[in-house]
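Hello,

Here is the structure I promised to pass on to you. Please have a look at it first, and then read my notes underneath.

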Amino acid sequence: MTDAAEDDSRSSVLLSARGIHVAYAEETVLADVSLALEPGGSLALAGANGSGKSTLLRVCVGRRQPDRGEVRFAGDAPREADPAFRRDVGLLLDGAECFPDLTVAEHVRMVATAHGLGPRADAAADGVLAELGLDHRGDAFPDSLSAGQRQMLLLASVLVRPARLIVVDEPEQRLDTAARRRLAAVLRAAKTTGTAVLLASHDRATVEEVADRVLLLDRGRAAALGTPAEVTGGAEASPWR
């Protein structure tokens, strides 16, 4: 298999992970996993539940320190508490919550304003809500939304702000087919501006529409790396299980 971080010395690499090893007690969760992602590129992590996808995402954004190996974002170790890192990286991982006392529109506008959009915040918020099909719920509060609409609100809060890297864990959760297609379109659009996208997903259609490459994990090890067609071409290698 080709090394996912085959040429980290290139200036084009934005995010790299080398030889990542993570264990909990006696259980190995990740074993010598590497990846590399360039600006405007998209890498999907695929594999069965428990294969290590979410753990690898947390390692890549500094939420979990690996037992061995190193991660670099723009040349430095990722530190989620660092304001510069938070400015550059938009995250949607497990445990994300909405602000219960803000409407959908207020929530997204607040995020846009906090990330420096200033007078453009309202237009940016309105635009991303329309792209995600949530504009008709702008005046609603989070507790009145369906599960899929709450997921779209969380995604809108990630996608409304400028970012060099977007990291999302199973963003298709609770979304119907039409909503998944809207999400894929917005992620593709982000790539055209130079934003890199790292996602973990069980949804084959989302991966095929968004990802340039797929890293298939199998019980914590890198089993395959290639285009979506290459990785999912054979039933024996299918991550959709």
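Below is what I found, going from the overall form to the interior.

One thing to keep in mind is that this is a predicted model. The protein contains 8 helices and 9 strands. Along its principal axes, the C-alpha atoms take up a box of roughly 50 × 40 × 35 Å. Is the radius of gyration what one would expect of a compact globule with 241 residues? The rule puts such a globule near 18 Å, and the protein has 18 Å, so the two agree.

Half of the picture is on the inside: buried residues account for 50% of the 241 residues. Of the contacts between residues at least 6 apart in sequence, 67% link residues at least 24 apart.

On the outside, about 11100 Å² is exposed, and carbon and sulfur atoms provide 47% of that area. As for charge, there are 28 positive and 35 negative ones, and their mean positions lie 1 Å apart.

Now to the interior. The largest nonpolar core holds 45 residues, and Val108, Leu132, Leu155 and Leu159 have the most contacts inside it. Helix H5 (residues 147-159) gives this core its largest share, 7 residues. Apart from this core there is another, of 29 residues, including Val59, Val71, Phe85 and Val89.

Which residues does Leu155 touch, leaving aside neighbours within four places in sequence? They are Leu92, Leu132, Val168, Pro171, Leu175 and Leu183. In general, nonpolar side chains of soluble globular proteins tend to be buried together.

Enjoy exploring it, and best wishes!

Notes: Residues numbered from 1 in each chain as written. Predicted model: local features only at pLDDT ≥ 70, side-chain atom pairs only at ≥ 80, totals over all residues. Heavy atoms only, no water. Helix = DSSP H or I, 4+ residues; strand = E, 2+ residues; numbered from the N terminus. Rg over C-alpha atoms; globule rule 2.2 N^0.38 Å. Buried < 20%, exposed > 50% of the residue type's maximum accessible area, 1.4 Å probe, protein only. Contact = heavy atoms within 4.5 Å. Areas by Shrake-Rupley, 256 points an atom, 1.4 Å probe, with all protein chains shown as cover. Lys, Arg positive; Asp, Glu negative; His and termini not counted. Charge placed at Lys NZ, Arg CZ, Asp CG, Glu CD. Core = buried A, V, L, I, M, F, W, Y, C linked by side-chain atoms within 4.5 Å.
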